Amino acid sequence: MRVTQIRNATLAVEYAGIKFLIDPFLADKGTYPPFPNSLRQDDRFNPLVSLPASLDTITNVDAVIVTHLHLDHFDDAAKEALPKDIKMFVQNEEDAKEVRNAGFQNVEVLREDTIFKRIQLIKTKGEHGRGEILKVAGLVCGVVFKHPNEKTLYVAGDTIWYEAIQEVIETQLPGIIVVNGGDNQFVGSGSLIMGEDDIYEVYKAAPKAKIVVSHMEAVNHWTLSRNELKSFIQEKGISSTVLVPDDGESYKF
Ligand SMILES: [Zn+2]
């Protein structure tokens with residue numbers, strides 16, 4: 001398989017010969033106003049950085065997986081750029097309805113036993129924060145990819161560390177885990193996605209897996225930088241296990 005960090009949570013995954021695009025957030029740099037009530041405010045329009053490849057290259061895929069409908073995972077630019085007949089996978093009927101309303105004709109809700117071109121896709125749980133903020137953040141999912149010729153890949157999505165993540169690791173035994181790790185926060189919200197300690201918990205649960213950290217430094221409410229995370233994993237002695245890709249960087253597993 002090949003996993004390419006595009007930007008924010010947008011990933012290109014080539015798995016068992018099939019190309020997936022995950023969480024397409026495809027606007028030009030600086031298109032949207034900052035998420036309000038965040039640490040980094042004012043003139044920090046989103047996305048904070050440019051795409052590392054052309055839209056044509058990024059959207060040339062067999063299927064798209066949208067883990068939830070927040071702007072930084074599925075935006076107007078993605079709705080415009082993606083072919084309307086492309087296979088779209090979403091977390092539930094509610095999201096399917098919205099994606100269909102955006103003009104997409106081939107939308108399917110992910111389940112635990114979804115098969116797409118001989119690849120098993122397993123929808124997994126996530127929690128987009130802790131406590132009160134969960135009501136505002138709404139539902140999210142992750143996805144596990146399985147195929148006899150590939151290691152198991154677990155893309156956890158916008159979630160903090162909690163017991164359901166441990167459960168996926170224990171039951172699915174992924175060789176590769178992608179986590180969203182910018183520790184994005186609103187003022188007073190606490191972590192909406194993983195920070196250093198969450199990522200360390202993932203490592204402890206799956207010490208033999210490669211962990212790829214996505215969703216960094218691309219939208220204004222991030223609080224954990226790549227450099228800070230790199231120092232942390234160096235201190236813990238896990239730099240060869242936890243990978244912190246730049247946008248455009250790609251791994252073959
Ligand atoms: Zn996000």
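**Exercises on the zinc site and helix α7**

With angles of 80 to 159 degrees among its four donor atoms, the zinc ion occupies an irregular site in this predicted model.

**Exercise 1.** Identify the residues that coordinate the zinc ion and state how they are spaced in sequence.

*Solution.*
Step 1. The donors are D72 (OD), H73 (NE2), D158 (OD) and H215 (NE2), at 2.1 to 2.6 Å from the zinc ion.
Step 2. Along the chain these donor residues follow the pattern D-H-x84-D-x56-H.
Step 3. D158 belongs to the loop between β10 (153-155) and α5 (163-172), and H215 to the loop between β12 and α7; the pair therefore ties together parts that are 57 residues apart in sequence.

**Exercise 2.** Determine whether D158 and H215 are buried or exposed.

*Solution.*
Step 1. A residue is buried if its relative accessible area is under 20%.
Step 2. D158 has a relative accessible area of 2% and is therefore buried.
Step 3. H215, at 2% relative accessibility, likewise counts as buried.

**Exercise 3.** Establish which residues of helix α7 (residues 226-236) are buried, and what they pack against.

*Solution.*
Step 1. The buried residues of α7 are R226, L229, F232 and I233.
Step 2. Because they cover an arc of only 125 degrees around the axis, they lie on the same side of α7.
Step 3. The face turned away from this buried side bears the exposed residues N227, Q234 and E235.
Step 4. The packing partners of the buried residues are β1 (2-7), α6 (196-205), β12 (210-214) and β13 (242-243).
Step 5. After α7 comes G237, with a positive phi near 75 degrees.

Terms used. Residues are numbered from 1 along each chain as its sequence is written. This is a predicted model: local features need pLDDT of at least 70, side-chain atom pairs count only at pLDDT 80 or more; totals for chains, interfaces and linings use all residues. Side-chain values use heavy atoms; hydrogens and water are left out. Buried means under 20% relative accessible area, exposed over 50%, partly exposed in between (1.4 Å probe, protein chains only). Helices (H or I, at least four residues) and strands (E, at least two) are DSSP runs, numbered from the N terminus. The arc is that of the directions from the helix axis to the C-beta atoms. Contact means heavy atoms within 4.5 Å. Donors are N, O and S atoms within 2.8 Å of the metal (3.2 Å for Na, K and Ca); water is not among the atoms, so sites may look incomplete. Four donors count as tetrahedral if all angles lie between 85 and 135 degrees; four count as square planar and six as octahedral if opposite donors are over 155 degrees apart and all others between 65 and 115; anything else is irregular.
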